[in-house]
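The walk-through below begins at a single pairing between two strands and moves outward from there to the helix and the core.

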Amino acid sequence: MPRRLDPDEAALWKKVAATVQPLRKGPASLPPEAPPTVRPPKAAPRNTAAPAAPPRPAPLPPPRRTHSQATLDSHWDRRLRKGLVRPDASIDLHGHNLASAQALLDDAIGRALIRGARVLLVVAGRLRPGADRLPQMHGEPRPRGAIRASLADWLAASPFAGRIVALRPAHISHGGAGAVYVILRRGRD
């Protein structure tokens, strides 16, 4: 059974209902449309110079690297899967918001490259299933695993993206699903 309107709601409804025009019965007819106004083209000044070349399209940005699909030789992949590779450096991003975690990650990659590190262990926490597909609502907290879901995008947009070779899941002894290995390219001396 529908609820009854209180007196304030009823008064408001009467005001709204008074402004509504009822639909006509029969075929709907649209109001006649005014013909578009056509302006005569302006006469272009005569110029004896050759026409200018059409502008060049802006160059496309370089394709974003996907480090998670980058290939390593089978020896490296096998050693990473078995946990035989010891990280040269590590960073823990727990307790940070997205902005500070990204800045901290870029800083850690820069320091690792300066030290000549090859493997950086990034501990970011487990990714909840579907967390990377959930939109952030204004005023609501990010879903758990948002840092982990953003890692690949951050690394692709990093100022050190050219020095990052691959991104691999960490072995259980180094954090398992809550961590990843960032494989770095050593600088040429």
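In this predicted model, a useful place to enter is V122, whose bridge partner in β4 is V180. That pair belongs to a longer association, since β2 and β4 pair in the antiparallel sense over five bridges. On β3, I164 has L184 of β4 as its bridge partner, and β3 and β4, which likewise run antiparallel, are joined by five bridges. β4 therefore pairs with both β2 and β3, each time through bridges that DSSP finds.

How is β4 itself covered? Six of its six residues are buried, and the burial extends to both faces, with A179, Y181 and I183 on one side and V180, V182 and L184 on the other. In a regular strand the side chains alternate between the two faces of the sheet, which is the pattern in which the residues of β4 are divided here.

From the strands one can turn to α3, in which A101, L105, A108, I109, G110, A112 and L113 are buried. The buried residues of this helix pack against β1, β2, α4, β3 and β4, so that contact, taken as heavy atoms within 4.5 Å, links α3 to each of these elements. The length of α3 can be checked as well: its 18 residues, at 1.5 Å a residue, should span 26 Å, and because its end C-alpha atoms are 26 Å apart, the expectation and the model agree. At the start of the helix, a side-chain oxygen of N97 reaches to within 3.3 Å of the backbone nitrogen of A99, while after the helix comes G116, with a positive phi near 80 degrees.

These elements come together in the largest nonpolar core, which has 22 residues, and among its members I109, L120, V122, L151, V182 and L184 touch the most others. At least two residues of this core are supplied by each of β1 (89-92), α3 (98-115), β2 (119-123), α4 (146-157), β3 (164-169) and β4 (179-184), with the largest share, six residues, coming from α3. One of the members named above, L151, is in contact with L93, L105, V122, A124 and V180 once its neighbours within four places in sequence are left aside, and the list thus returns to V122 and V180, the bridge partners from which this account set out. Apart from the largest core lies another, of 12 residues, including W76, V165, A170 and I183; of these, I183 is on the side of β4 that also carries A179 and Y181.

Technical notes. Residues are numbered from 1 along each chain as its sequence is written. This is a predicted model: local features need pLDDT of at least 70, side-chain atom pairs count only at pLDDT 80 or more; totals for chains, interfaces and linings use all residues. Side-chain values use heavy atoms; hydrogens and water are left out. A nonpolar core is a set of buried Ala, Val, Leu, Ile, Met, Phe, Trp, Tyr and Cys residues joined through side-chain atoms within 4.5 Å. Buried means under 20% relative accessible area, exposed over 50%, partly exposed in between (1.4 Å probe, protein chains only). Helices (H or I, at least four residues) and strands (E, at least two) are DSSP runs, numbered from the N terminus. The expected span of a helix is 1.5 Å times one less than its number of residues. A polar contact is a pair of N or O atoms within 3.5 Å; within protein, one must be able to donate a hydrogen and the other to accept it, and residues adjacent in sequence count only if both atoms are side-chain atoms. Two strands pair if DSSP finds at least two bridges between them.
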